[in-house]
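Please open the model in a viewer and keep the sequence panel visible. The stops below are meant to be selected one after another.

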Amino acid sequence: MKKSYFRPVIDAMAGYVPGEQPKIDKLIKVNTNENPYPPAPGVFDTLHAFAANKLRLYPQPTADIARETIATLHGVDIDNVIAANGSDDTLNIAIRSFCGPGLPLACFNPSYSLYPVLAQMQEAPIIRINLAEGFRMPSDAAEQAAPANLLIITRPNAPTGNAFPMAEVRALIENFDGVVLVDEAYADFSDDNCMDLVREYDNLIVSRTMSKSYSLAGIRFGYAVACPELIEGMMKVKDSYNVDMLTQYIVRAALSDQEYLDKTRSIILATRARMEKELAKLGFTYVPSQTNFLFAAPPDNDGKRFFDVLRENAILVRYFPGEVTGRYVRISVGSDAEIDKLLEVAARLYG
Ligand SMILES: Cc1ncc(COP(=O)(O)O)c(C=O)c1O
């Protein structure tokens with residue numbers, strides 16, 4: 001092609017790089033925070049029962065089958081809920097709704113690297129608020145975020161795994177004259193969350209995903225809860241049929257089994273605690289985690305070397321280059337057997 005037909009901003013941008021999804025058999029894959037356990041048994045019943053002729057029809061466009069279940073779960077009205085094709089879709093809808101030229105996005109750094117990519121596509125200025133020592137929110141976060149129209153707070157944060165103190169998040173929501181989206185992709189693994197604050201603040205959106213705690217990364221489902229006015233506006237921006245029919249039924253089956261969620265979550269939390277303890281014994285430092293992953297630095301602070309050695313041993317974790325993040329690797333909480341193998345390699349290297 002002699003000339004580019006793309007908008008200049010698309011030509012100039014690098015694009016988002018998702019975590020590696022390799023096609024290698026027998027790899028221990030603890031790099032993209034998937035759940036090592038299967039989804040709730042009801043999901044499989046739904047799949048089997050799904051009549052072939054349902055696939056002929058368009059899905060219900062606002063995903064009401066799923067939204068009704070979500071509304072009941074959180075004690076809100078269906079008008080408080082928007083459903084999406086994974087929380088990446090929710091984020092895209094929010095950024096397309098609230099950001100553009102002259103309408104900046106503010107987000108923290110390090111955090112989920114998709115946010116700036118989505119903002120770039122909207123030609124929206126990006127305000128990156130660098131986290132302070134220990135990956136804490138800086139005390140002047142509100143002043144830094146002030147010019148933005150949308151502020152994303154990732155709580156618990158990725159890739160660091162810590163959750164900013166609730167009082168600080170509340171203060172930010174109160175002092176920010178724009179929309180605040182709290183990305184709670186990992187909230188089911190944390191001690192507390194912001195869902196109840198939606199009733200108090202009409203500039204707050206809380207975003208959740210079924211990819212992690214519900215073990216459903218493959219179907220792509222996320223949702224957001226906010227006041228009806230924000231939901232109504234975002235509904236105009238979403239794709240007409242952004243959640244397929246099969247997904248809507250699977251979501252209902254999975255959300256209806258909170259007992260199963262509790263069971264798998266407690267196994268994951270126990271494995272996480274064991275990882276923290278065993279890695280600390282080997283001289284690792286780590287960020288105390290409120291998620292299903294651990295951001296851990298080996299004793300020599302050489303995250304890349306540990307990543308490479310794990311990879312040679314068919315164990316895939318995530319490495320984020322950079323002066324601070326490069327000291328660490330991010331390890332998803334896998335099954336106990338998977339984590340045992342990872343700990344064996346760590347013990348050989350650093351023990
Ligand atoms: C902070 C954060 N938000 C959103 C997502 C995207 O999740 P989903 O699978 O629902 O698109 C991730 C996935 O890793 C994440 O870490």
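Begin with Asn 35, which sits in the loop connecting strand 1 (28-29) with helix 2 (41-49). The model is a predicted one. Is Asn 35 buried or exposed? It counts as buried, because 22 C-beta neighbours lie inside 10 Å of Asn 35, where 20 or more are required for that class. Now display its surroundings: apart from neighbours within four places in sequence, Asn 35 is in contact with Lys 212, Ser 213, Ser 215, Thr 264 and Asn 292. Add Ala 337 to the selection; 302 residues separate it from Asn 35 in sequence, and the C-alpha to C-alpha separation in space is 14 Å.

**The sheet of 7 strands**

Select next the open sheet of 7 strands, whose order is 2-8-7-6-5-3-4 and whose pairing is mixed. Strand 2 (81-84) and strand 4 (126-130) form its edges; each has a single partner strand, so one side of each lacks a neighbour in the sheet. From one strand to the next, the twist averages 25 degrees.

Restrict the view to strand 3 (residues 105-109) and strand 4, which pair in the parallel sense over 5 bridges. Within this pairing, Phe 108 is placed opposite Ile 129 of strand 4, and Asn 109 has Asn 130 of strand 4 as its bridge partner. In a regular strand, side chains alternate between the two faces of the sheet. Why is strand 3 described as largely enclosed by the rest of the structure? The reason is that 4 of the 5 residues of strand 3 are buried.

Two helices may then be added to this view. Helix 5 (residues 114-121) packs on the sheet and touches strand 3, strand 4 and strand 5, with its direction at about 155 degrees to that of strand 3. Helix 4 (residues 87-98) lies across strand 2, strand 3, strand 5 (150-154), strand 6 (179-183), strand 7 (204-209) and strand 8 (222-225), and runs at about 155 degrees to strand 7.

**The ligand**

Centre the view on the ligand. Which residues are closest to the ligand? Of the 13 residues that surround it, the closest are Gly 86, Ser 87, Asp 88, Thr 209 and Ser 211. By class, this shell around the ligand consists of 4 nonpolar, 7 polar and 2 charged residues.

**Helix 10 and helix 12**

Select helix 10 (residues 258-281) together with helix 12 (residues 336-350). Their axes come within 11 Å and cross at roughly 10 degrees. Helix 10 is therefore roughly parallel to helix 12, since angles under 35 degrees fall in that class. Show the side chains of the contact: helix 10 supplies Thr 271, Met 275, Glu 278 and Leu 279, and helix 12 supplies Asp 336, Ile 339, Leu 343 and Ala 346. This contact has 5 nonpolar, 1 polar and 2 charged residues.

**The sheet of 3 strands**

Finish with the open sheet of 3 strands, in the order 9-10-12 and with antiparallel pairing. Its edges are strand 9 (285-286) and strand 12 (329-332); each has a single partner strand, so one side of each is left without a neighbour in the sheet. Strand 10 (residues 293-297) is joined to strand 12 by 4 bridges, the two running antiparallel. As a last selection, take Ala 296, which stands opposite Val 329 in strand 12.

Terms used. Residues numbered from 1 in each chain as written. Predicted model: local features only at pLDDT ≥ 70, side-chain atom pairs only at ≥ 80, totals over all residues. Pairing = 2+ DSSP bridges. Axes fitted to C-alpha atoms, helices over the stretch in contact; angles between N-to-C directions. Contact = placed C-beta atoms within 7 Å. Near = placed C-beta within 6 Å. Nonpolar A, V, L, I, M, F, W, Y, C, P; charged D, E, K, R; others polar. Buried ≥ 20, exposed ≤ 12 C-beta atoms within 10 Å, placed from the backbone. Parallel < 35°, antiparallel > 145°, perpendicular 65-115°, else oblique.
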